[in-house]
Amino acid sequence: MDNATLEKLTAISTHQQRYAAGTTIYEAGSDVDRLLVVDRGRVKVYRLDENGQEQILYFLEEHAVDSEAALFTDSIHHNFAETVEDSLICSIRKNDFQQLVQTTPPTLAVSLINNFGNRLTDLENRSARYGTLTAHDRLKKYLEDTSEQIGSRYFKLPPLSKRDLANWLSVTPETLSRQFTKLIQEEIIEMQGGRMIKLK
């Protein structure tokens with residue numbers, strides 16, 4: 001989302017709260033009553049399958065917006081959101097947002113709708129990119145995507161636990177460890193200190 005839009009949203013934030021890593025921000029079944037803006041930190045959004053196992057849907061990075069539906073309709077959350085590192089989260093209630101929309105150009109609402117649409121597209125693209133790959137190729141693709149996003153072939157892994165990264169790739173932590181070892185043995189990557197990756 002562009003900085004001008006974020007500044008407008010931040011100006012009407014009714015709450016700005018610090019959350020320690022591992023804090024649940026909302027749960028499935030709770031009311032979607034506020035839009036969330038991640039000022040600092042990182043949040044995972046996930047659902048639980050029939051066996052109670054986490055399935056990570058996406059991550060919210062700094063300046064990401066979540067729960068846009070709170071501004072337009074009454075609904076409930078179908079997923080869970082939890083901080084994966086210490087975070088600062090802004091929240092905006094529906095009434096405050098609707099007052100803002102009445103006094104600003106419609107580009108603000110359009111920007112939010114586009115943001116929501118982009119997330120849906122990202123989820124579809126992720127499914128297409130990773131869905132048919134082996135565990136080995138999922139990890140390789142994830143590292144390539146991360147490298148491209150950061151703009152360097154030498155980078156530090158995002159601050160995710162081994163469990164969360166495995167969940168994100170739909171593999172077990174044991175499988176993830178084996179695949180890291182395999183990529184090193186194949187000389188596709190070098191790994192330093194457990195988190196620094198160099199793609200060859």
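**Exercise 1. Is Glu54 buried or exposed, and at what relative accessibility?**

Let's start with the ground rules. This is a predicted model, in which local features need pLDDT of at least 70 and side-chain atom pairs count only at pLDDT 80 or more, while totals for chains, interfaces and linings use all residues. Residues are numbered from 1 along each chain as its sequence is written, and side-chain values use heavy atoms, with hydrogens and water left out.

Step 1. Take the cut-offs: buried means under 20% relative accessible area, exposed over 50%, and partly exposed in between, with a 1.4 Å probe and protein chains only.

Step 2. Glu54 has 16% relative accessibility, so it counts as buried.

Step 3. Now look at the strand around it. Strands (E, at least two residues) and helices (H or I, at least four) are DSSP runs, numbered from the N terminus. Glu54 lies in strand S5 (residues 54–60). Of the 7 residues of S5, 6 are buried, so the rest of the structure largely encloses this strand.

**Exercise 2. Find the salt bridges of Glu54 and the network they belong to.**

Step 1. Side chains of opposite charge can pair when their charged atoms come close. Here a salt bridge is a side-chain nitrogen of Lys or Arg within 4 Å of a carboxyl oxygen of Asp or Glu. By this rule the model has 7 salt bridges.

Step 2. Lys44 is one partner of Glu54, with the closest N and O atoms 3.0 Å apart. Lys44 sits in strand S4 (residues 43–48), 10 residues from Glu54 in S5. With a relative accessible area of 2%, Lys44 is buried.

Step 3. Arg163 also forms a salt bridge with Glu54, at 3.5 Å from N to O. Arg163 belongs to helix H5 (residues 162–168) and Glu54 to S5, so this pair ties together parts that are 109 residues apart in sequence. Arg163 counts as partly exposed, at 49% relative accessibility.

Step 4. Put the pieces together: Lys44, Glu54, Arg163 and Asp164 are linked in a network of salt bridges.

**Exercise 3. Describe how S4 is paired.**

Step 1. Two strands pair if DSSP finds at least two bridges between them. S4 and S5 run antiparallel and are joined by 6 bridges; Arg47 stands opposite Gln55 in S5.

Step 2. Check the turn. The hairpin of S4 and S5 has 5 residues between the strands, and in it Gly52 takes a positive phi near 80°.

Step 3. S4 also pairs with strand S7 (residues 80–83), in the antiparallel sense over 4 bridges. Val45 has Ala81 as its bridge partner in S7.

**Exercise 4. Work out the open sheet of S9, S10 and S11, and the helices on it.**

Step 1. The 3 strands follow the order S9-S11-S10 with antiparallel pairing. S9 (154–156) and S10 (189–192) stand at the edges with a single partner strand each, so one side of each has no neighbour in the sheet. Neighbouring strands are turned by 20° against each other on average, direction ignored.

Step 2. S10 pairs with S11 (residues 196–199) over 4 bridges, and Gln192 stands opposite Met196 in S11.

Step 3. Add helix H4 (residues 135–150), which packs on the sheet, touches S9, S10 and S11, and makes about 95° with the direction of S9. Contact means heavy atoms within 4.5 Å; axes are lines fitted to C-alpha atoms, for helices over the stretch in contact, and angles run from 0 to 180 degrees between N-to-C directions.

Step 4. Helix H6 (residues 173–185) lies across S10 and S11, at about 120° to S10.

**Exercise 5. Check the length of H4 and list buried residues in it.**

Step 1. The expected span is 1.5 Å times one less than the number of residues. For the 16 residues of H4 this should be 22 Å, and the end C-alpha atoms are 23 Å apart, which agrees.

Step 2. Buried residues in H4 include His136, Leu139, Tyr142, Leu143 and Thr146.

Step 3. Just after H4, Gly151 takes a positive phi of about 90°.
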